[in-house]
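Trainee: I would like to take a close look at a single part of this structure, and then see how its surroundings fit in. Could you take me through it slowly?

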Number of protein chains: 2
Amino acid sequence: MEVFTGDAPGPDDLGDVAFFTVPYDRPFGTEPIPRLTGVRVVQALTAGYDHLAGLLPGDVTLCTARGLHDGSTAEHALALILAAQRELPRWTRAQDEGRWEHTHTRSLADSRVLIVGYGSIGAALDARLRACEAATVRVARRPRPGGQVLGVADLDGLLPSADIVVLITPLSIETRGLLDARRLALLPDGALVVNVGRGPVLDADAILAETMSGRLRAALDVTDPEPLPPGHPLWHSPGVIITPHVAGGAAAFYPRAEDFIAAQVRRFATGEPLRNVVREPGN
Amino acid sequence: MEVFTGDAPGPDDLGDVAFFTVPYDRPFGTEPIPRLTGVRVVQALTAGYDHLAGLLPGDVTLCTARGLHDGSTAEHALALILAAQRELPRWTRAQDEGRWEHTHTRSLADSRVLIVGYGSIGAALDARLRACEAATVRVARRPRPGGQVLGVADLDGLLPSADIVVLITPLSIETRGLLDARRLALLPDGALVVNVGRGPVLDADAILAETMSGRLRAALDVTDPEPLPPGHPLWHSPGVIITPHVAGGAAAFYPRAEDFIAAQVRRFATGEPLRNVVREPGN
């Protein structure tokens with residue numbers, strides 16, 4: 001077995017590649033896939049895989065990086081929430097003008113936060129929010145026994161008392177437009193909508209209307225369309241914070257990702273079961 | 001007993017006032033003190049009281065708001081740390097220009113954080129940082145038994161391996177200039193200095209020099225001088241985030257403060273011991 005890490009030229013014949021890790025955060029990371037005619041495993045470095053679904057031949061095992069981004073994504077979601085509650089963009093702008101402008105802001109403490117899409121990232125965020133003295137409510141596709149996680153069917157009843165809603169769901173037929181104009185209208189005035197999942201889970205026209213009017217606030221790491229084009233009105237909508245899809249990839253991710261890939265390749269070489277398999281050959 | 005809350009005119013004769021709460025966050029909150037000739041208790045709404053020390057007659061009990069700001073100050077310290085690690089000011093500036101500029105940043109997770117001035121605010125911050133998967137080291141004036149809290153005498157040995165240093169100390173003869181040029185020089189390149197205590201605990205010239213050169217970063221809620229005057233070079237020093245002394249006063253503080261004052265006044269009226277006494281009459 002030979003391992004090519006990208007630091008040196010790759011194999012002469014891409015058809016010889018058995019295990020392919022899609023490079024993280026490079027625009028053309030998926031480009032070699034059609035030429036990998038002998039590939040048996042494709043390892044994504046993202047938790048979602050909607051962007052790979054149409055590219056793979058039928059006899060490939062697809063593995064994701066589920067879990068590896070948990071800390072980084074949860075941390076960025078917390079950073080967005082705190083930036084919105086403590087109005088950090090206001091201070092950045094005041095600083096750029098050399099203005100000492102003392103005023104008071106909202107808190108995260110004592111806020112009620114809905115975590116929509118409660119999985120491993122949601123659990124990592126939940127621990128952070130509880131340490132910040134926020135009250136959290138966990139929502140997943142279906143309610144789980146014990147009452148600690150509620151289902152999407154409960155969402156309409158939960159929105160009117162939420163100070164903050166965090167979307168962390170993957171994109172699917174069920175989640176596209178999950179937070180639409182009707183559901184946004186259920187949120188109280190001044191509520192904060194955070195999206196670190198996938199842009200189209202939040203209705204783009206509806207959040208633009210609700211923030212342009214000043215009724216809701218938003219902190220978005222993912223958008224629809226994405227990248228958000230220059231001149232799009234969301235850039236300058238009041239109370240909106242935008243970061244360019246950077247939640248999952250902060251410094252702590254890389255060493256964790258390297259360890260994980262090395263272990264996956266070792267499992268593949270020795271015939272052990274792979275982790276994070278989301279598609280078996282032929283499916 | 002009559003209670004005056006500031007919503008209506010105060011007593012005709014300030015000499016009749018027995019219990020005085022210094023209004024929070026008003027420039028002239030201390031102004032009536034010299035006319036309170038009969039006052040027996042002065043209740044501050046700040047955790048520090050250096051600004052009151054010279055104003056009080058000798059026969060007054062002074063109480064602070066120790067504890068009431070813990071959550072708010074710890075939350076703001078965390079917001080500053082996350083803003084610096086995840087480069088939120090960069091995104092605010094990119095957003096103002098409508099630019100989608102994807103890049104990767106530092107993490108808080110896996111960072112080593114020194115908490116200097118480990119008291120009740122430090123404990124609140126510690127819980128938040130540990131939930132964020134950071135490793136914390138606690139430093140107080142003196143080491144405490146059990147080894148969980150180290151002393152200031154250990155600081156020089158701890159600085160070279162710190163990614164982040166947070167100052168939360170009150171201002172005293174011992175803490176003025178605590179983090180001076182010599183100690184800042186012990187920090188590794190790229191380290192972040194956070195100050196949510198009092199401005200002069202951090203040497204102003206030294207942190208300006210270390211950030212102007214790009215060697216260190218800083219996130220400061222308190223400055224020296226304070227307010228930072230227009231045109232001061234720290235406003236535009238690279239890698240510096242400034243907020244205008246707003247850590248302690250976010251929304252969650254006010255209801256907690258009202259409950260505390262009501263309880264103190266009740267204790268005073270019924271002769272129960274007061275909480276948070278930092279000076280007895282005659283001292």
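Trainee: Which residues are buried in helix α6 (residues 204-212) of chain A?

Mentor: Please keep in mind that this is a predicted model. In helix α6 of chain A, which runs over residues 204-212, the buried residues are Ala206(A), Ile207(A), Leu208(A), Glu210(A) and Thr211(A). To read such a pattern, it helps to recall that an α-helix has 3.6 residues a turn, so residues three or four places apart point the same way. The buried residues of α6(A) pack against four elements of chain A, namely α5 (181-184), β8 (192-195), β9 (217-220) and β10 (240-242).

Now look at the two ends of the helix. At the start of α6(A), Asp203(A) brings a side-chain oxygen to within 3.1 Å of the backbone nitrogen of Asp205(A), and just after α6(A) you come to Gly214(A), which takes a positive phi of about 80°.

From here we can follow β9 and β10, two of the elements that α6(A) packs against, because the loop between them in chain A holds Trp235(A), one half of an aromatic pair that crosses between chains. Its partner is Trp100(B), which belongs to the loop between α2 (88-96) and β4 (112-116) of chain B. The ring centres of Trp235(A) and Trp100(B) are 6.4 Å apart and the planes stand at 70°, so this pair counts as edge-to-face. Trp235(A) has a relative accessibility of 3%, and therefore counts as buried.

Another edge-to-face pair lies within chain A: the rings of Phe253(A) and Tyr254(A) have their centres 5.3 Å apart, with their planes at 70°. Phe253(A) is buried, at 1% relative accessibility, whereas Tyr254(A) is partly exposed, with a relative accessible area of 32%. Together with Tyr24(A), these two residues form one aromatic cluster. A ring can also have a charged residue over its face, as with Arg90(A), which lies over Trp91(A) at 5.5 Å from the ring centre, and in chain B Arg90(B) lies over the face of Trp91(B), again at 5.5 Å from the ring centre.

Finally, consider how the two chains are arranged. Chain A is superposed on chain B by a rotation of 180° with 0.0 Å of shift along its axis, and the RMSD is 0.1 Å. The two copies are thus related as by a two-fold rotation axis. Of the interface residues of chain A, 100% are also interface residues in chain B, so the copies meet through the same surface.

Note on methods:
Residues numbered from 1 in each chain as written. Chains lettered and ligands numbered in written order. Heavy atoms only, no water. Buried < 20%, exposed > 50% of the residue type's maximum accessible area, 1.4 Å probe, protein only. Contact = heavy atoms within 4.5 Å. Polar contact = N/O pair within 3.5 Å; in protein donor to acceptor, adjacent residues only side chain to side chain. Least-squares fit on C-alpha atoms with pLDDT ≥ 70 in both. Phe/Tyr/Trp six-rings, centres within 6.5 Å; stacked < 30°, edge-to-face > 60°. Lys NZ or Arg CZ within 6 Å of the ring centre and 35° of its normal.
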